[in-house]
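Student: Please take a close look at the lining of the largest pocket. After that, carry on to the other parts of the model that you can describe in the same detail.

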Amino acid sequence: MVIIKTEDEIEAMKPAGRLSAKVLRKTGERVRPGISTLELDRFAENLIRMEGGTPAFLGYNGFRGTICASINEQIVHGIPSAEVILKEGDIISIDTGAIINGWYGDNAATFAVGEISEEKRRLLEVTEASMWAGVHAALAGGHLGDIGHAVQTVAEAAGFGVVREYVGHGIGRRMHEDPNVFNYGHQGRGIKLKTGMCLAIEPMINAGTYETTGPGADGWTVCTLDGRPSAHFERSVALTKDGTIVLTAE
């Protein structure tokens with residue numbers, strides 16, 4: 001069931017969104033060759049707690065990190081580790097979430113580690129552009145398929161693959177609420193978008209095939225089937241009477 005939020009509830013969601021955005025930005029600023037993903041994770045956890053929030057991912061269905069840290073061919077749900085050291089030329093998707101007063105914020109971005117290849121640079125640019133296309137298509141009065149269509153159009157025009165198995169979602173007092181927000185689809189299809197809906201729009205775009213493999217031995221990490229790199233960007237938004245606003249913005 002899709003949970004419609006009131007104007008007051010949307011206001012109450014903003015602090016969690018702002019904190020999630022701050023943690024994502026500041027954690028991303030620490031991405032460099034030689035740092036471990038566990039160091040990034042500990043920084044993110046400390047910042048969330050220092051700002052009065054609770055890590056949204058830590059312990060979620062048994063997940064063992066504050067951030068998801070997914071490198072190169074890893075699409076989502078990479079577990080932070082002291083043994084995983086970033087190196088020049090990598091890309092890393094960092095997914096962060098925070099809870100404040102029972103409300104969730106959730107966002108993600110993919111960062112370059114030093115100098116990266118032209119293919120990876122273009123993948124990051126196109127994935128972020130596809131996310132913003134989805135955000136701009138998320139309008140009360142439209143349809144859920146409008147969002148997926150917008151994402152898919154941008155990504156596939158660049159020759160990239162749109163992950164099917166993992167999708168965006170509603171967000172509120174739970175991190176994952178209805179509806180599922182697919183990153184592919186047809187305009188005018190799906191449920192009608194209404195004022196008060198809050199959605200996490202998060203394209204996962206692969207340089208090669210859209211097909212995936214996993215979760216792996218750790219029970220979480222999902223990779224591209226062909227071993228080529230993947231990127232992931234996410235923002236949480238609210239559909240209001242005055243238009244769509246980004247909740248995960250500082």
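Tutor: In this predicted model, the lining of the largest pocket divides into 10 nonpolar, seven polar and six charged residues. The volume of this pocket is about 420 Å³. Of its 23 lining residues, Tyr60, His77, His169, His176 and Glu202 are the closest to the centre. Strand E7 (168-170) and strand E8 (177-181) each contribute at least two residues to the lining.

The second largest pocket holds about 160 Å³ of space. It is lined by 13 residues, and those closest to its centre are Glu7, Ile10, Thr240, Lys241 and Asp242. This lining is made up of three nonpolar, four polar and six charged residues. Helix H1 and strand E14 (235-240) each supply at least two of them, with H1 giving the most, four residues.

H1 also leads to the interior. In soluble globular proteins, nonpolar side chains tend to be buried together. Here the largest nonpolar core has 35 residues, and Val31, Leu40, Leu86, Ile92 and Ile94 have the most contacts inside it. Two or more residues each come from helices H1 (7-28), H2 (37-50), H3 (118-137) and H4 (144-157), and from strands E2 (68-71), E4 (91-100) and E5 (103-112). The most, five residues, come from E4. A second core, separate from this one, has 16 residues, including Phe63, Tyr104, Met175 and Trp220. Back in the largest core, valine 31 touches Leu40, Leu86, Ile92, Ile94, Phe111, Ala112 and Val113, when neighbours within four places in sequence are left aside.

E4 deserves a longer look. In a regular strand the side chains alternate between the two faces of the sheet. In E4, Ile91, Ser93, Asp95, Gly97 and Ile99 point one way, while Ile92, Ile94, Thr96, Ala98 and Ile100 point the other way. The strand is mostly covered, with 10 of its 10 residues buried.

Its pairings can be taken strand by strand. E1 and E4 are antiparallel and share two bridges, with proline 55 partnered by alanine 98 of E4. E2 is joined to E4 by four bridges, again antiparallel, and alanine 69 has isoleucine 94 of E4 as its bridge partner. E4 and E5 pair in the antiparallel sense over 10 bridges, where glycine 97 stands opposite aspartate 106 in E5. These two strands form a hairpin with two residues between them, and asparagine 101 in that turn has a positive phi of about 55°.

Threonine 66 sits in the loop between strand E1 (54-55) and E2. It counts as buried because its relative accessible area is 1%, which falls under the 20% cut-off. Apart from neighbours within four places in sequence, threonine 66 is in contact with Asp41, Ala44, Glu45, Ile48, Pro55, Phe57, Leu58 and Asp95. Of these contacts, Asp95 is one of the buried residues of E4.

There is also an open sheet of three strands, in the order E6-E10-E13 with antiparallel pairing. Strand E6 (161-162) and strand E13 (230-232) are its edges, each pairing on one side only. E6 is joined to strand E10 (residues 204-206) by two bridges, and the bridge partner of valine 162 in E10 is isoleucine 205.

Technical notes. Residues numbered from 1 in each chain as written. Predicted model: local features only at pLDDT ≥ 70, side-chain atom pairs only at ≥ 80, totals over all residues. Heavy atoms only, no water. Core = buried A, V, L, I, M, F, W, Y, C linked by side-chain atoms within 4.5 Å. Buried < 20%, exposed > 50% of the residue type's maximum accessible area, 1.4 Å probe, protein only. Contact = heavy atoms within 4.5 Å. 1 Å grid on protein atoms, 1.4 Å probe; cavity = no way out; pocket = protein on both sides within 12 Å on 5 of 7 lines; lining within 4 Å. Points joined across faces, edges and corners; volume = space filled by probe spheres on them. Nonpolar A, V, L, I, M, F, W, Y, C, P; charged D, E, K, R; others polar. Pairing = 2+ DSSP bridges.
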